[in-house]
Amino acid sequence: MSDINSQDLKPGDKRSQKPKMPPVPKFNFYWIYGIIAVIFLVIQFMPHDVSLKTTWYKVQNDMIMTNDVEKIVVVNKERAEVYLKKESVKNDKFKDLKERGMFGEDVGPHYYFEIGDVNQFSTDLNNARATYEKNNPGQTIQIPVEYITQRNYFGDILGWILPFVLLIGLWMFVMRKMGGGAGGGPGGQIFNIGKSKAQLFDKDTLVKVTFKDVAGLDEAKVEIMEIVDFLKNPKKYTNLGGKIPKGALLVGPPGTGKTLLAKAVAGEAGVPFFSLSGSDFVEMFVGVGASRVRDLFRQAKEKAPCIIFIDEIDAVGRARGRNAVQGGNDERENTLNQLLTEMDGFATDIGVIILAATNRPDILDAALLRPGRFDRQISIDKPDLNGREEIFKVHLKPLKLGEDVDPMKLATQTAGFAGADIANVCNEAALIAARRNKEKVDMQDFYDAVDRIIGGLEKKNKIISAEEKEIIAYHESGHAIMGWFLEGLDPLVKVSIVPRGVAALGYAQYLPKDQYLYTTEQMKNMMMMTLGGRVAEDIVFGRISTGAQNDLERITKMAYAMVSIYGMNAKVGNVSFYDPNNEYGFTKPYSDKTAEMIDIEVRNMIDECYVATKVMLSDKRDMLEKLSKLLLEKEILFPHDLEEILGPRPFDKVAEIAPIETGVAQDEVIDAIEVTSSFEEETNPTI
């Protein structure tokens, strides 16, 4: 192999790069404890001398009988140590001493053995002397015997100290567990229980999320990018006399990207970022939450300019005075009071901005939301059509896609989906494609993923009797016909009698559009469409089934909302008893007479819709029969199947969106037999 000179290597050559050294393990203070313990054990169990172990038989025959023993020392009445004469040590029969490499071999002791009883040892020694003198007439042997007592001071001290060490260690372990953390980090030990548990992202642990990774939140990004500009160029605003905002509250439904947006702010600003949850302040010990708030803001002031992000702030920012225990000390209120004090105590140019996220702004304390604390509230709603398309483009990047995958079509089919729902659809589609041994994820996989997320897993093996299947077919046909001919309703996507989920025996799926206001006529048409299944059973079979339970629940909620919330009843009038904050408590804001009037008007409204639905379906009885038979035959019908029987759909104002044969949407109008969301979740009561 030829040598390679360093001059031949270019800077970009991989050979010129130095090999990466393995990371050096960080020093841990507990290593010192371990080293000390090992040293103690070694000292305790290591031999204190190098004398060789032997037996009384060898001592008697090989040493005493040859007159090689100088003396014997009995230690603690248990062990006899044999000292040999200096001239005898050099004898070849004791060469094992030299092989052992014994230190001080001329001094001894050289051998030792265990004795069972001192009296018996004395007797055996006297017998050995007598035997020697008998075998060697005229010679006497003198073997001095000394009895000494030795104390193991180290063992005694260790025996006293070790129990205390174990008790102290056990106590520290229990206190660490009670302190709410493991390891040596903040809040992990009893003396650090009041320390903040916020995770810090700084120059060593940079946040790599930027605004490019956040799609579908254009309005929110425009408003929150101003905060980034505050942190990068504070003098630009303070020179004009303006004050940097102290906090911004991100408000929106779950899964809309509040936490992701906060990370993007930290990634764009390039400043330290403290991240924690509202529940991290709450602890079993009184005063811990307030102490953690003080420590958090102390660290933030040292790292300024920086960002503090509190996720799920409603865990600690709940309105004070609600559900208060009389005579008790609410730790959550103490923590909130400290948080309010710290936010109000900031200097205007300190450069610390607080971001908080919640999906329950209605329960937050009013003092937390006032200007000067959270100066602005940034609403993050579910994305619209264009926003969903952008979110799909972000989540489709890591997937191997087929040529037929169109983000716009997917966005059309997923009205009402949040960012987390769209990410789940993309992941589920990839799993379905892998399960089918495909090399790429195609459009059908996405449609099936949406179907599975909304309606549940298909259960084609579920045993349903022919009679029940016929009832389900007429039920679904009733929904489909009413939704086809009524004005203001969403276009139909498909009708199915294939069981899905836990209790879904069939469903009719619609393609909702982004709509925020509903008229009285539209809501009554929705009620008629929802009653179509129950009315179809009544017309065809002359009896009704339990399949309309969910239908009745939805129209009841819808009717009560129209009468008591939206003011859509002439007799009750233009009043609204909507109470999202539970300000009235357990009392009603109206009299018993008004409550009776509301009940009567709700019943009358539902009865009118039922009669109108029955008249309409009776006139279209032939279509109902044909559609039911076709549904029993195919099990799944698409818009072109319905158009062959029902004709072109009137009042169709969504002609620019071509219905796709498969795929569903989240805010679909599903029949009584499939579990659906309530009307309050499908409409926006706030105008």
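**Close-up 1. A patch of negative charge on the surface of the predicted model.** Four acidic side chains, Asp218, Glu219, Asp384 and Glu390, gather in this surface patch. One of them, Glu390, belongs to helix α13, which covers residues 385-396. Glu390 has a relative accessible area of 30%, so this residue is classed as partly exposed.

**Close-up 2. Lysine 77 in the loop between β2 and β3.** Strand β2 spans 69-75 and strand β3 spans 79-84, with Lys77 in the loop between them. The phi angle of Lys77 is positive, about 60 degrees, although the residue is not a glycine. Most residues other than glycine have a negative phi. Lys77 counts as exposed because its relative accessible area is 60%, where the cut-off for exposed is over 50%.

**Close-up 3. Glutamate 635 in the loop between α21 and β14.** Glu635 follows helix α21 (621-634) and precedes strand β14 (636-637). This residue, too, is not a glycine and has a positive phi, here of about 75 degrees. With a relative accessible area of 28%, Glu635 is partly exposed.

**Close-up 4. Cysteines 306 and 609, two buried residues.** Cys306 has a relative accessibility of 0% and therefore counts as buried. Cys609 is also buried, at a relative accessible area of 4%; the cut-off for buried is under 20%. A disulfide would need a pair of cysteine sulfur atoms within 2.5 Å, and by this rule the count of disulfides is zero.

Key:
Residues numbered from 1 in each chain as written. Predicted model: local features only at pLDDT ≥ 70, side-chain atom pairs only at ≥ 80, totals over all residues. Heavy atoms only, no water. Patch = residues over 30% accessible without salt bridge, like charges linked within 9 Å, V, L, I, M, F, W, Y side chains within 5 Å. Areas by Shrake-Rupley, 256 points an atom, 1.4 Å probe, with all protein chains shown as cover. Lys, Arg positive; Asp, Glu negative; His and termini not counted. Charge placed at Lys NZ, Arg CZ, Asp CG, Glu CD. Helix = DSSP H or I, 4+ residues; strand = E, 2+ residues; numbered from the N terminus. Buried < 20%, exposed > 50% of the residue type's maximum accessible area, 1.4 Å probe, protein only.
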